[in-house]
Amino acid sequence: MALSGEEFDVIVVGAGVMGSSTAYQVAKRGHKALVLEQFDFLHHRGSSHGESRTIRATYPEDYYYPLVMESYKLWEEFESEIGYKVYFKAQHLEMGASDNECLRETINTCHKHSIPHEILDSRQVAEKFSGAFDIPGNFLGVFSEYGGVIKPTKAVSMFQTLALQKGAVLRDCMEVKDIRKDSVKGGVWIHTSNGEKFWGKKCVVTAGAWTRKLVKMVSGLELPIQPSESTACYWRIKEGHEAKYAIGGNFPTFGDCGEPYIYGTPSLEFPGLIKVAVHGGNPCDPDKRPWGPAKGLEYLKKWVGEKLAGLVDSGGPAATQLCMYSMTPDEDFVLDFLGGEFGKDVVIGGGFSGHGFKMSPAVGRILADLVLTGEAGVELKPFRIARFEENPRGNFKIFLSCSSSEV
């Protein structure tokens, strides 16, 4: 256990999936790492808990492709290292009206990066997935072998275990109240609410829905990251059709590029139930959450009833789980140095907007690279803080929100 006043090469604030992945990357390179978590480890108040997250390569924003493909590789490497599975393979289907800009940009990404894919009409979608979908005649489907489901709580535990094995120090119930520049010897002092303090040569802030509050308190900078409470809904598959929607068969992870964006996963965590939910939620203060109700439930009932061929009970979800999103205006990440008086001593990883979990292996590697070397190894322009100075809405996009939600 770290003692107050102890010194570290890197201190990571926040032990969700991004912080835990970063800590592992830092520790395995031989650097002394400390992770501070304000709640219990593996708590359910943030964005990294639950039963499943999706992974796919077919993004409308082509700059996510390198991060997703690196993460596919790393998930399997980390599974091999830890000795158990957190990633379950599946195909992926993206669907939408044939003139939907989000869907068209997704197809463009497939072409640009030579992602193997098939463009299917509504009849072909029904045939390919054994009648599990019934989409309108003006819809197209974009099919890819690059899909999959990740077990989130298990994955966070994996990163924390690997970090510990490499020598990282992890402490929970340690709320960070301040980060102060050490003007004498450089580095930063991290102060916690219980009066302890730790010195770090560098610091990474991965505080999820609390990132905006913490960064503003520390530096005065107001990052446009809006916490939002999202609801994952599980629907009962009608008797006799359970195998049609189960993981391990040909049923895919999927997304519907309409407004709102609908996403789902094969039946895995709860036998006989399939997850179908709305991307997005209700803006909130993460310390004063409403804890429900679900957003867009009536639209979701209609979607389940119409597009899953009448084989899933659309009367209402059989179970729900709440999760926090950290939304930026353009739904792109923030991966950057805090700057100002902190220069490159403090790195920010936040604003993952309900679609970052799948890329946590790559994000952890990038944040570790930034804090240790000052370079990322990939193009980070879409993720820089400065984009909001140029345009308060961030990166320009010709389509409405259709990020690869995953909760």
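**A helix, a pocket and two cysteines**

Helix H8 is mostly covered, for 12 of its 14 residues are buried. The model that shows this helix is a predicted one. The buried residues of H8 are Ser-360, Pro-361, Ala-362, Val-363, Gly-364, Arg-365, Ile-366, Leu-367, Ala-368, Asp-369, Leu-370 and Val-371. The list includes Arg-365 and Asp-369, and residues of these two kinds count as charged.

The length of H8 can be checked by a short calculation. The helix comprises residues 360–373, and at 1.5 Å a residue its 14 residues should span 20 Å. The end C-alpha atoms are 19 Å apart, which agrees with that expectation. Just after the helix, Gly-374 takes a positive phi of about 85°.

The wider setting of H8 may be considered next. According to the UniProt annotation, from an unreviewed entry, residues 9–370 are covered by "domain: FAD dependent oxidoreductase". This span is 26% helix and 27% strand, and its end C-alpha atoms lie 13 Å apart.

Attention now turns to the pockets. The largest pocket has a volume of about 740 Å³. It is lined by 48 residues, of which Thr-206, Ala-207, Gly-208, Ala-209 and Trp-210 are the closest to its centre. Several helices and strands each supply at least two residues of this lining: helix H1 (17–28), helix H5 (152–165), strand S10 (176–181), helix H6 (211–219), strand S18 (319–327) and strand S20 (346–350). Strand S18 gives the largest share, with four residues. By chemical character, the lining of the largest pocket divides into 21 nonpolar, 19 polar and eight charged residues.

The cysteines remain to be examined. How many disulfides does the model contain? The count comes to zero, under a rule that requires two cysteine sulfur atoms to be within 2.5 Å of each other. Why does Cys-173 form no such bond? The closest cysteine sulfur to that of Cys-173 belongs to Cys-203 and is 19 Å away, which is too far for a bond. Cys-203 is likewise in no disulfide, since its nearest cysteine sulfur is that of Cys-173, at 19 Å.

Are these two residues buried or exposed? Cys-173 has a relative accessible area of 47% and is therefore partly exposed, because exposed residues must be over 50% and buried ones under 20%. Cys-203 has a relative accessibility of 0% and so counts as buried.

Definitions and conventions
Residues are numbered from 1 along each chain as its sequence is written. This is a predicted model: local features need pLDDT of at least 70, side-chain atom pairs count only at pLDDT 80 or more; totals for chains, interfaces and linings use all residues. Side-chain values use heavy atoms; hydrogens and water are left out. UniProt positions are given in the numbering used here, feature names are shortened, and annotations may be inferred rather than shown by experiment. Buried means under 20% relative accessible area, exposed over 50%, partly exposed in between (1.4 Å probe, protein chains only). The expected span of a helix is 1.5 Å times one less than its number of residues. On a 1 Å grid over the protein atoms alone, a cavity is a set of points where a 1.4 Å probe fits but cannot get out, and a pocket is an open set with protein on both sides within 12 Å along at least five of seven lines; lining residues have an atom within 4 Å of a point. Grid points are joined across faces, edges and corners, and a volume is the space filled by probe spheres set on the points.
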